[in-house]
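Visitor: Hi, I have a new structure open and would like to talk it through. Can you keep me company?
Guide: Happy to, let's have a look together.

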Amino acid sequence: MSTAATRRRTSDTRVGRPHVVWALPGVLFFAFFAVVPMALAFYLSFTTWDGLGDPRPVGLANWHRLLDDPRMTQSLWLTVLLTAASWAFQTVVALLLGVWAAGPQRNRAVLSAIFFVPLLLSSTAVALLFYALLDPNFGIVQKDILGSSSGAFLAIVFVGGWQFIPFHTLIYQGGARQIPQVLYQAAAIDGAGRYRQFFSITLPQLRNTVITSTVLIVVGSLTYFETVLILTKGGPGTDTAILPYLMYEAGFKSYDFGYASAIASFLVLAATGLSLLLVRLSGFGAMRSTREGM
Amino acid sequence: MTYDTLPRPAKTTKNHATAPPPPKRRRRHWTKRANPLAGLGSVLWLAIVIIPVYAMLSASLTPQDRALTGNPLSPPTDPTPDNYNTVLNSGFGHLLSNTAIVAVAVVAIVLVLSIPLAYVTVRTRDRWSNAAFQLFLLGVAIPAQAVVVPLYLLIAQLDLYDTLLAVILPTAAFTMPVSVLVLVGTLRDVSEDLYEAMALDGASPLRTLFQLTIPLAKGGISTVVIYAALQAWNGFLFPLIFTQSDGPRVLTLGLFNYVSQFGVNIPALLASVVLSGIPIFAVYLVARRALVGGLMGVGGK
């Protein structure tokens with residue numbers, strides 16, 4: 001107690017640091033609208049509730065049901081598959097475009113400006129655009145792509161990429177511009193060709209950018225909810241019903257809020273675990289300047 | 001060591017605005033020969049980006065009765081603004097102003113709450129400020145989808161259901177983690193010496209915040225403004241679940257409702273999509289560098 005008091009006094013007198021209570025409004029606000037609901041979702045997962053009366057405790061019933069539900073298994077698998085496919089598609093294209101756009105080509109400024117266009121539309125607008133363009137009667141391809149299960153899946157991956165690749169391209173472009181040119185000069189003197197330079201310098205130097213972009217893709221793949229809701233409504237059948245969509249249906253279509261909360265709790269656990277892992281890998285949690293070496 | 005001399009992305013744009021030349025010098029070293037494969041790839045992606053946009057613009061100008069017969073890729077033979085009139089006459093202005101209110105409010109809340117938080121995290125490294133930072137680090141991973149059910153309960157209890165506040169408050173909360181992370185990243189780069197100089201002059205923490213930290217963190221702050229505004233502009237889930245009547249309806253939800261309202265009238269639907277993009281497009285034209293640089297800064301560290 002007394003040591004804590006001395007420590008605070010010394011640090012205060014040294015350089016006039018702000019008091020911790022300055023952080024309180026932000027923490028409380030975030031806690032109330034994000035952390036409390038998370039705890040509440042966990043609590044609700046042990047109840048049955050139709051949204052009107054009071055939640056009634058039912059123990060582990062929702063969780064047992066979750067484990068036995070074939071739709072849940074399918075949905076989980078689908079979510080993983082969609083995230084993996086989106087990651088592969090977006091990372092490869094954005095990395096190549098970003099590195100290219102960081103380079104010296106004369107027309108790259110114009111092209112980069114055009115590449116930016118999808119970022120000016122919201123997810124909802126993008127989903128609606130492709131909803132119209134993929135319409136079998138009206139669309140570019142006069143085929144019922146969204147009616148086949150693999151077609152619908154690929155359409156969601158493509159639409160997600162169409163929308164988000166420009167953003168990740170920007171990230172990689174920024175990252176590639178920060179690579180010191182001396183590395184390339186040295187490599188060129190040693191006789192390394194362009195592809196050798198890409199794999200031996202560019203890629204390793206972009207390691208942190210790849211991790212940042214990956215965190216955003218993984219967490220962001222859950223926002224494909226809009227795309228799924230508008231493009232396929234989880235169909236055909238249940239073939240594109242990713243976890244957030246399953247949760248939405250259970251809660252706001254079937255008014256089965258207890259079960260929806262169990263799915264939601266599962267989502268929180270999975271997302272938190274994944275992000276902890278990625279944050280650990282990226283070292284972002286370390287309290288140091290971003291300009292210190294990698 | 002070299003990294004100390006390298007500008008961070010958000011600052012790069014500022015440097016470009018004041019001193020454009022650097023890229024030129026860089027050109028000489030990078031690669032001298034053209035890279036035809038990369039050029040081909042970029043043109044391919046150009047087509048992938050441009051064709052849907054073109055088809056959208058073209059179809060939105062096509063009379064509805066002809067939309068289903070013609071190929072959407074052929075240019076509109078006699079363009080008509082009818083579809084745009086249809087959309088504008090169905091309450092588009094109301095949606096737009098609601099969305100603008102949400103965006104401004106979200107940006108304001110996020111800035112007022114996140115800046116002191118990041119400031120404390122960087123300047124006061126004790127157990128509690130570190131705990132606060134860890135909370136937001138974890139918060140990045142909380143998907144909004146996972147908490148809509150309990151939030152729905154909270155919003156109803158607070159008597160906010162079907163109001164703009166029901167959209168604003170949760171959106172601001174879920175925008176905070178990334179905002180705090182970006183700001184902490186920026187503030188960490190403000191030199192300790194400057195703080196000590198301010199302290200020697202007897203400046204209070206509050207004065208230091210306004211006279212030193214905020215001016216030096218402009219890059220990070222503008223990134224947060226852009227990020228928060230886009231989150232608010234694009235938000236769909238919270239409006240979908242927390243509002244229901246016409247009063248507090250925002251743009252994204254309005255677009256979604258046009259699907260059922262216009263049904264088979266795809267040209268009108270596409271006109272509404274075009275209109276929804278125009279405000280951001282206008283901002284893009286005016287503040288291209290800030291927008292691009294800001295988005296680069298969200299992940300460019």
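**Salt bridges, a cavity and a surface patch**

Guide: Let me start with a pair in chain B: Asp246(B) and Arg249(B) form a salt bridge, with their closest N and O atoms 2.9 Å apart. One word of caution is that this is a predicted model.

Visitor: Good to know. Is Asp246(B) buried or exposed?
Guide: Asp246(B) is exposed, because its relative accessible area is 52%, and exposed means over 50%.

Visitor: And its partner, is Arg249(B) buried or exposed?
Guide: Arg249(B) counts as buried, at 18% relative accessibility. The cut-off for buried is under 20%.

Visitor: How many salt bridges are there over all chains?
Guide: A search of the whole structure gives 5. One of them is between the side chains of Arg17(A) and Glu192(B), at 3.5 Å from N to O. That pair crosses between chains: Arg17(A) sits in the loop between helix H1 (2–15) and helix H2 (24–44) of chain A, and Glu192(B) belongs to helix H10 (residues 192–200) of chain B.

Visitor: Which residue does Arg123(B) form a salt bridge with?
Guide: Arg123(B) pairs with Glu192(B), and the closest N and O atoms are 3.3 Å apart. This pair links distant parts of the chain, with Arg123(B) in helix H6 (residues 92–123) of chain B and Glu192(B) in helix H10 of chain B, 69 residues apart.

Visitor: What about burial of those three, starting with Arg17(A): buried or exposed?
Guide: Arg17(A) is buried, with a relative accessible area of 15%. Arg123(B) is also buried, at 2%. Glu192(B) is partly exposed, at 34% relative accessibility.

Visitor: Switching topic. How many cavities of 30 Å³ or more does the structure hold?
Guide: There are 5, and the largest cavity contains about 1,100 Å³ of space.

Visitor: Which residues lie nearest the centre of that largest one?
Guide: Phe164(A), Gly220(A), Thr223(A), Tyr227(B) and Gln231(B) do, out of 39 residues that line the largest cavity.

Visitor: How does the lining divide into nonpolar, polar and charged?
Guide: The lining of the largest cavity has 24 nonpolar, 14 polar and 1 charged.

Visitor: And which helices supply at least two residues of that lining?
Guide: From chain A, helix H7 (149–177) and helix H10 (207–220) do. From chain B, the contributors are helix H8 (144–157), helix H9 (164–187), helix H12 (218–234), helix H13 (237–242) and helix H16 (288–299).

Visitor: Now the outside. Which residues form a nonpolar patch on the surface?
Guide: Leu76(A), Trp77(A), Val80(A) and Leu81(A) do, and together they have about 370 Å² of accessible area. Leu81(A) is part of helix H4 (residues 70–101) of chain A, and Leu81(A) is partly exposed, with a relative accessible area of 34%.

Visitor: One last residue: where is Leu66(A)?
Guide: Leu66(A) is in helix H3 (residues 61–68) of chain A. Leu66(A) counts as buried, at 4% relative accessibility.

Visitor: How many residues apart along the chain are Leu66(A) and Tyr224(A)?
Guide: They are 158 residues apart along the chain, and 22 Å separates their C-alpha atoms.

Definitions and conventions: Residues numbered from 1 in each chain as written. Chains lettered and ligands numbered in written order. Predicted model: local features only at pLDDT ≥ 70, side-chain atom pairs only at ≥ 80, totals over all residues. Heavy atoms only, no water. Patch = residues over 30% accessible without salt bridge, like charges linked within 9 Å, V, L, I, M, F, W, Y side chains within 5 Å. Areas by Shrake-Rupley, 256 points an atom, 1.4 Å probe, with all protein chains shown as cover. Salt bridge = Lys/Arg side-chain N within 4 Å of Asp/Glu carboxyl O. Helix = DSSP H or I, 4+ residues; strand = E, 2+ residues; numbered from the N terminus. Buried < 20%, exposed > 50% of the residue type's maximum accessible area, 1.4 Å probe, protein only. 1 Å grid on protein atoms, 1.4 Å probe; cavity = no way out; pocket = protein on both sides within 12 Å on 5 of 7 lines; lining within 4 Å. Points joined across faces, edges and corners; volume = space filled by probe spheres on them. Nonpolar A, V, L, I, M, F, W, Y, C, P; charged D, E, K, R; others polar.
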